[in-house]
Amino acid sequence: MSDGGASGDAPPAHPLDLTAREIAAGVRSRRFSAVEVMRESLRRARATQGSFNAFVLIRDEAAMAAAREADAAVEEGRATGFLHGVPFAAKDLTPTAGDLTTLGSWSSGDVVPTESALYVRRLQATGAILMAKTTTPEFAHSSLTWSPRFGATRNPRDPSRTPGGSSGGSAVAVATGVVPFAEGSDMGGSVRIPASFCGVVGLKPSLGRIPMTILPSVFDDISHFGPLARTIDDAVAFLEATSGPSDEDIGSLPLTFEPGRTQDSSLAGKRFALSVDLGFYAVEPQVEAAIRRAAEAMRAAGAIVEEVALPWTRAVVDEWYEVWCVFMSAYFGDRLAGFRDRMDPSMVAIMERGFAKDATSYKRVELLRTAMWRDMARLFESYDALLCPTCAVTAPPVEKVDGDYFGEDASGRLIGLDMTCPFNFTPQCPALSVPVGVAADGLPVGLQIVGRRFADESVLAIGRGVERLGLG
């Protein structure tokens, strides 16, 4: 497993271990070739696939052809983009031209799209090269990555554990050094959960920052593309390449992402609200200990970190689940009749619950969301960001299912897995998971940083400051 290379003191073992920008600079200057980088990326993917099952397909021929073309462009003096020759991976939820795209489901058949999603086209326009498609649970419905079509994906820190979901394959691709960044999609934490469990960076950008073009509806308001990355710098590079308005998504933001504003990593004088439990979670003591160590390190760097009490209850998670059920039944429920017996049983139950939901109670969820936002707005009057764990637990055993995380402890607190879905209910607020070391069981812990509306640059700058504390 790669150690992430460029962010440490030791020289990188291979050019692939540099940051994305450094890889591209090296290819453009001919210090090494795009072919050399891609050959190693594909080698690592093949070497790790048997152990971790992160890939639906590895694009050996297409990726190597693109790498050869990238080197030819340099040799001939043609224009090159700022990510020229950088390998990346895309989730199997996302259509990519010429590649099998299944959404982790037998109901998709063997569809091969003729056009790639906009964010993929934007990355390719910068010179980045798609090298693989990564695993997802069926329709990306789960916080764990298992699908009836491709089986279980495993955590590279401990193969008996899940990498989280639904972007588990992408997180593994990054954590094993196959790529500097990979795409995830986040409707309830599907970027941040696997980032936390695998010890990498994961960002849910503000709603519309990266156009969401792959759903049947462009009016959905909980869905985000976001990067899983080895470093904050790689996450910034992904966002720089993929963000910006497009008429392909009516909800895309007419804002320019400014990567330079992510460089101010100083934590001194910044004010943070800390909520270890968001008011209702039963957080593992080992996770709480890691989060408190991170908060103390931030204080030592000059930040003001104050604990706050949020008035939230498990209704936040329960109502998000109701919305999730309707999401699945509305967008994919037409497949149930023909493929029920070949679907994940939990997917079937989710769809059936969604079909049974009445419109009035569904609409009333907005009242809860409104109250949540008002709580957040008051918090942001005094603080630069909210800090909390990304997940209440470390990576669970691979055999676990989402249904194992809906109970309550003796004091009535939710025994939940993730602490991410509340912030899909306030989707304009970016939420970043940054690794802050390991828990007592040796597994990674992520600190979640939730920022003001559309303040992606500020959240990434804070994440850079936490990254430079050297906790992860």
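Ser 223 counts as buried because its relative accessibility is just 4% (buried is under 20% relative accessible area, exposed over 50%, partly exposed in between, with a 1.4 Å probe and protein chains only). This is a predicted model, where local features need pLDDT of at least 70, side-chain atom pairs count only at pLDDT 80 or more, and totals for chains, interfaces and linings use all residues. Residues are numbered from 1 along each chain as its sequence is written, and side-chain values use heavy atoms, leaving out hydrogens and water.

**Around Ser 223**
- Ser 223 sits in the loop between strand S7 (201–204) and strand S8 (224–229); strands are DSSP runs of E, at least two residues, and helices are runs of H or I, at least four, numbered from the N terminus.
- Beyond its neighbours within four places in sequence, Ser 223 is in contact with residues including Asp 186, Leu 207 and Phe 327 (contact means heavy atoms within 4.5 Å).

**Salt bridges**
- The structure has 34 salt bridges, each a side-chain nitrogen of Lys or Arg within 4 Å of a carboxyl oxygen of Asp or Glu.
- Glu 240 and Arg 21 pair up at 2.8 Å, N to O.
- Glu 240 is in helix H7 (residues 232–242) and Arg 21 in helix H1 (residues 20–28), so this pair ties together parts 219 residues apart in sequence.
- Arg 369 and Asp 221 form another salt bridge, at 3.4 Å, N to O.
- That pair links helix H12 (residues 359–380), home of Arg 369, to the loop between S7 and S8, where Asp 221 lies, 148 residues apart.
- Arg 369 is buried at 13% relative accessibility, whereas Asp 221 is partly exposed at 32%.
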